[in-house]
Amino acid sequence: MTISIKLRSLLQRVKSICVLTGAGISAESGVATFRGVDGLWSKLKPEELANFDAFMRNPELVWEWYNYRRQIVHDVKPNPAHYALVRLEELVKEFTLVTQNVDNLHFRAGSKKVLELHGNIERSYCIDCGKFVENVEVTTEKKVPRCSSCNGLIRPDVVWFGEMLPEGVFEAATEAASQCELFLTIGTSAVVYPAAGLPMTARNQGAYIVEVNTEPTEISHTVNETLLGKAGEVLPQLITILEETRK
Ligand code: BV8
Ligand code: ZN
């Protein structure tokens with residue numbers, strides 16, 4: 001994988017960067033992606049699990065699936081790709097990290113300004129009164145836990161298909177994409193909207209769009225540069241270039 005002269009010189013002077021991450025950035029931590037050959041969706045269809053009707057039809061199945069994923073997330077650690085983005089936030093004046101991931105690994109790695117478009121699996125809430133509950137109170141239960149205040153069903157605080165994104169979060173992400181000089185889209189198949197529209201928002205205002213992925217995606221033909229490789233190997237190389245000029 002070669003980094004172009006254009007990107008090298010941009011990295012040496014860039015003042016504002018917006019980053020969009022997807023499940024691929026957590027793959028090297030051991031968290032399965034959704035759509036890869038061994039992805040989470042290969043066995044179970046998203047419509048069967050990641051939507052409210054599925055939850056109301058079979059709360060135990062959906063709750064069990066999120067417990068399984070919470071357990072994986074609890075046992076893994078951030079990888080060099082997450083830490084490279086922590087370093088990037090320290091080095092670049094205006095930096096916004098937008099993630100589709102719900103695995104909390106960016107915060108655990110030390111990233112500060114993270115916009116979680118699809119929520120966070122470490123949080124749960126009551127579908128009737130909206131009361132948030134700490135995971136420690138609920139994840140040990142096999143069946144779906146009930147709210148201590150109103151006995152309503154407890155659900156994971158993630159955005160399911162057909163649900164609105166959290167108030168203001170997508171707007172802030174759009175704002176960052178509209179202002180940045182450099183937009184990095186990392187480890188996402190770019191098929192889920194409105195998140196997948198952010199690279200185009202950045203491109204439309206003249207930002208340089210760089211895709212980091214192990215394979216081409218639906219938006220590869222629209223980006224300025226694709227760096228084919230693992231995020232955990234590519235991102236540290238970008239940081240090295242950036243640090244050389246910002247000692
Ligand atoms: C909504 C739940 C308003 C949490 C998820 C146009 C506009 C608006 C909406 C739509 C639209 N068109 C269609 C829709 C509806 C829908 C949608 O986009 N459907 C798609 C499938 C067509 N969108 C919605 O419903 C959204 N809501 O828009 O609200 C509204 C409301 C009603 C009606 C209309 C509009 C809600 C979307 C959120 C859905 N929730 N998950 C959870 O359980 O996790 S989506 C799910 O996919 C995950 O959250 C994930 O974040 C997301 C995207 O997947 P990726 O992160 O990209 O992961 P994937 O496995 O696909 O790809 C991994 C990539 O990494 C691959 O490319 C692979 O090559 C690469 N990779 C692997 N290893 C590495 C690597 N790269 C680098 N290094 C490696 N080592
Ligand atoms: Zn309640």
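**Close-up 1. Residues surrounding ligand 1 in the predicted model.** The shell around ligand 1 comprises 34 residues, of which Arg35, Tyr66, Gly162, Thr188 and Ser189 come nearest. Sorted by class, this shell contains 16 nonpolar, twelve polar and six charged residues.

**Close-up 2. Ligand 1 between two domains.** Domain 1 is made up of the segments 5-31, 79-118 and 164-245, and domain 2 of the segments 39-75 and 125-158. Ligand 1 lies between the two domains because both of them give residues to the shell around ligand 1.

**Close-up 3. Polar contacts of ligand 1 with tyrosine 66, histidine 118 and glycine 187.** In the side chain of tyrosine 66, an N or O atom is 2.6 Å from an oxygen atom of ligand 1. Histidine 118 places a polar side-chain atom 3.0 Å from an oxygen atom of the ligand. At glycine 187 the partner is a backbone N or O atom, which lies 3.2 Å from an oxygen atom of ligand 1. Of the 1500 Å² that ligand 1 exposes when taken alone, the protein buries 77%.

**Close-up 4. Cysteine 18 and cysteine 180, which form no disulfide.** A disulfide is a covalent bond between the sulfur atoms of two cysteines. The structure holds zero disulfides. For cysteine 18, the nearest cysteine sulfur is that of cysteine 180, 5.1 Å away; a disulfide requires the two sulfur atoms to be within 2.5 Å, so cysteine 18 is in no disulfide. Cysteine 18 is buried, with a relative accessible area of 2%.

**Close-up 5. The surroundings of cysteine 147.** Is cysteine 147 buried or exposed? Cysteine 147 is buried, because its relative accessible area is 4%.

Conventions: Residues numbered from 1 in each chain as written. Chains lettered and ligands numbered in written order. Predicted model: local features only at pLDDT ≥ 70, side-chain atom pairs only at ≥ 80, totals over all residues. Heavy atoms only, no water. Buried < 20%, exposed > 50% of the residue type's maximum accessible area, 1.4 Å probe, protein only. Near = heavy atom within 4 Å. Polar contact = N/O pair within 3.5 Å; in protein donor to acceptor, adjacent residues only side chain to side chain. Areas by Shrake-Rupley, 256 points an atom, 1.4 Å probe, with all protein chains shown as cover. Nonpolar A, V, L, I, M, F, W, Y, C, P; charged D, E, K, R; others polar. Domains from an automatic or database assignment.
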